[in-house]
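Thanks for making the time, everyone. I would like to walk through one structure with you, taking charged pairs and surface residues in turn.

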Amino acid sequence: MQKGNVKALLPIGVFLVLYLGLGLIFEYALHIPMGFYNIPIVVAFLVALLVACLQNPKLKFDDKLEIMGKGVGDKNIITMILIFMIAGIFVGVVGRSSANSVAYFLLSIIPPRFAVAVLFVVSCFVSCAMGTSVGTITLITPIGVAVSAASGFSLPLCIGAVMGGAMFGDNLSFISDTTIAACNGQGCAMKDKFRENFAIALPAAIVTLVIILVLSFSSYTGEIAIEEYNLVQIIPYILVLIGGIVGINVFVVLLIGILSGSIIMLATGATAATELLANMGSGVAGMFETTMVAILVSALCALIREYGGFVALLNGIKKLFKGKKAGQLGMGLLVGAMDIATANNTVAIVIANPIAKEMAEDYGVSPKKTASILDTFSCIFQGVIPYGAQMLVAISAAAELGHEVSAFQIIPNLFYPFMLLISSLVFIFVVPEKKK
């Protein structure tokens, strides 16, 4: 067993104390409005990165920079950053008026009390087809914001529904990075892992839908402010939603949305040509914080991995959990710990794969079940951590439309990840395994 270094995990602790600790003090001790929103997450990660750089003095600083560079250059990180940038342009191009038009049109053709439930179901379908939760949240959050403003439903509830649906597809989609990483790492067929996962995810989704409907009916006032909307401005969103459901690559979908949105905004006179370019720039600028977090986290994780921090964490979890059922929970907590550390569920699965495979062999757990546990638990944790890309993108999209909301207002409304956790525990400890 490779020797780990527990001290290498110190930067993660520093970040959590700074970000969560100060947030709790601001919000509940000092009673500062939007206290958590006032915590500069980039600064917190920079301090954590500084702590990591000060560790291991035997390693030259230039070597540390090289390690960080390799971490930032990972394919998953580059893909995420490009999605953030293109998504920012899309939001900047279509702007608030298009999202409002979609929301008002939606509220005019369905009973308004079902609006939040529809947001959840649509997010489930789009994320399953696109295979990306971040892309889904980028596309549908503006609609959720507009639905909240028009219907009176709380903004955290609407965003929570969108995020929950996005994580449903992230967990199940055949083209999701998490599915591919888990199946490749455990050596199982995607269809087998899907069947294992679906039995866990479907009950969680149904219960989530029921909760959303109950909350919607109880909070529905009947006062809906449906303003005039432009059906033509709905076209970019319809195109991207159809592209998402069909399963077209997320980059292609976003480019279609940008191109169609630009043509429509210029043709209808909604935006001047000079303003369009400025809106693109402001849309990208709105994704600055999210992009910087992705870069800093990848650099920080590269150093922690080099110092042996992740090995120490993996070894500790393996020693702690004994027995088949406990071993399965251990695998879930293993990938969850990796996700808390890396804020990236795909990277968490890749890191956890080797030790999880070894644990599966020791405990007699099938590859498909191991892959399912890794993917499911990584999505559970990624779906609720306040500094994950999904949460930051949702908050940024809402802020772009003039609505401030904090992660800790959204978290209590993330019903799907919590229901998925309960469903997973039931399947591990209660549901008997099928005989081979």
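Let me begin with a question: in which helix is Lys319 found? The answer is helix H14, which covers residues 309-320, and I should say at once that this is a predicted model. Lys319 has a relative accessibility of 57%, and because the cut-off for exposed is over 50%, Lys319 counts as exposed. Along the chain, Lys319 and Gly330 are 11 residues apart, and their C-alpha atoms are separated by 9.5 Å.

Now to the charged pairs. As a general point, side chains of opposite charge can pair when their charged atoms come close. The structure holds 3 salt bridges, and I will take them one by one.

In helix H3, residues 61-72, Lys70 and Glu66 sit 4 residues apart, about one turn of the helix, and they form a salt bridge whose closest N and O atoms are 3.8 Å apart. That distance is worth reading with the criterion in mind, since a salt bridge here requires the nitrogen and the oxygen to be within 4 Å. Lys70 is exposed at 61% relative accessibility, whereas Glu66, at 47%, counts as partly exposed.

Helix H9, residues 190-219, contains Arg195 and Asp192, which are 3 residues apart, again about one turn of the helix. These two form a salt bridge with 3.2 Å between the closest N and O atoms; Arg195 is exposed at 54% relative accessibility, while Asp192 is partly exposed at 26%.

The remaining pair is Asp375 with Lys193, where the closest N and O atoms are 2.4 Å apart. Asp375 belongs to helix H17, residues 367-382, and Lys193 to helix H9, so this salt bridge ties together parts that are 182 residues apart in sequence. Are these two residues buried or exposed? Both Asp375 and Lys193 are buried.

Let me turn, finally, to the nonpolar surface. A nonpolar patch is formed by Val232, Ile235, Ile238, Leu239, Ile242, Val246, Ile248, Val252 and Ile256, which together have about 690 Å² of accessible area. Two elements, helix H10 (235-246) and helix H11 (250-267), each give two or more residues to this patch, and the largest share, 5 residues, comes from H10. As one example from the patch, Ile242 is found in helix H10, and with a relative accessible area of 47%, Ile242 is partly exposed.

Notes
Residues are numbered from 1 along each chain as its sequence is written. This is a predicted model: local features need pLDDT of at least 70, side-chain atom pairs count only at pLDDT 80 or more; totals for chains, interfaces and linings use all residues. Side-chain values use heavy atoms; hydrogens and water are left out. Buried means under 20% relative accessible area, exposed over 50%, partly exposed in between (1.4 Å probe, protein chains only). A salt bridge is a side-chain nitrogen of Lys or Arg within 4 Å of a carboxyl oxygen of Asp or Glu. Patches are made of residues with over 30% relative accessible area and no salt bridge: like charges are joined within 9 Å, nonpolar side chains (Val, Leu, Ile, Met, Phe, Trp, Tyr) within 5 Å. Accessible areas come from the Shrake-Rupley method with a 1.4 Å probe; for residues, only the protein chains shown count as cover.
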